[in-house]
Amino acid sequence: MAEEEKLPAGWEKRMSRSSGYIQKIKSGEEDFESLASQFSDCSSAKAGGDLGAFGRGQMQKPFEDASFALRAGEMSGPVFTDSGIHIILRTE
């Protein structure tokens, strides 16, 4: 089965939107917290996207792998999990 067949319906639009958010953050046009507060479907939106500290084994594997591959201050590209598409900013 091709990778595209495994992704949920509407992923292309969400991927495009996520890429746009990443560009706005990198250019300084917007900040991560503001965009997360406005557009995230996660309960962390109320905290500007801040999930707080977490360890290995507490998040879905793709999210965990991407999070722990980042250094403090780095931002991921789009990360796909069963919950959706995520942008991760590692703060610690």
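**Entry 1: charges overall**

I began with the charges. The protein has 11 positive and 15 negative charges, and their mean positions are 1 Å apart. I note here that I am working with a predicted model.

**Entry 2: the elements**

Next I looked up the secondary structure. I found four helices and two strands. Read from the N terminus, the order is α-α-α-α-β-β. The radius of gyration is 13 Å, and the globule rule gives 12 Å for 92 residues, so the protein is as compact as a globular protein of that length.

I also noted the box that the C-alpha atoms fill. Along the principal axes it is roughly 35 × 30 × 25 Å.

**Entry 3: inside and outside**

How much of the protein counts as buried? I looked it up: 27% of the 92 residues do. The protein exposes about 6,400 Å². Carbon and sulfur atoms supply 49% of that area.

Then I turned to contacts. I took those with a separation of 6 or more. Of these, 26% are between residues 24 or more positions apart.

**Entry 4: salt bridges**

Side chains of opposite charge can pair when their charged atoms come close. I looked for such pairs, counting a nitrogen of Lys or Arg within 4 Å of a carboxyl oxygen of Asp or Glu. The count came to three salt bridges.

I started with R56 and E64. Their side chains meet at 3.6 Å, N to O. Is each partner buried or exposed? R56 has 55% relative accessibility, so it counts as exposed. E64 has 7%, so it counts as buried. The cut-offs I needed were under 20% for buried and over 50% for exposed.

I went on to D65 and K61. The closest N and O atoms of this salt bridge are 3.0 Å apart. Where do the two residues lie? Both are in helix α4, which covers residues 61–69. They are four residues apart, about one turn of the helix. An α-helix has 3.6 residues a turn, so residues three or four places apart point the same way. I checked the accessibility of both. D65 is partly exposed at 36%. K61 is exposed, with a relative accessible area of 52%.

I then looked at R71 and E74. Their side chains form a salt bridge at 3.6 Å, N to O. R71 counts as exposed at 60% relative accessibility. E74 is partly exposed, with 29%.

**Entry 5: helix α4**

I came back to α4 and asked which of its residues are buried. They are F63, E64, A66 and S67. E64 is the residue I had met in the salt bridge with R56.

What covers these buried residues of α4? I found that the cover includes the two strands β1 (79–81) and β2 (84–86).

**Entry 6: S34**

My last lookup was S34. I found S34 in helix α3, residues 32–39. Its relative accessible area is 26%, so S34 counts as partly exposed. I then took the distance from S34 to A66. Along the chain, they are 32 residues apart. Their C-alpha atoms are separated by 22 Å. A66 is one of the buried residues of α4.

Technical notes: Residues are numbered from 1 along each chain as its sequence is written. This is a predicted model: local features need pLDDT of at least 70, side-chain atom pairs count only at pLDDT 80 or more; totals for chains, interfaces and linings use all residues. Side-chain values use heavy atoms; hydrogens and water are left out. The radius of gyration is taken over C-alpha atoms; the globule rule is 2.2 Å times the number of residues to the power 0.38. Buried means under 20% relative accessible area, exposed over 50%, partly exposed in between (1.4 Å probe, protein chains only). Contact means heavy atoms within 4.5 Å. Accessible areas come from the Shrake-Rupley method with a 1.4 Å probe; for residues, only the protein chains shown count as cover. Lys and Arg count as positive and Asp and Glu as negative; His and the chain ends are not counted. The place of a charge is taken as NZ of Lys, CZ of Arg, CG of Asp or CD of Glu.
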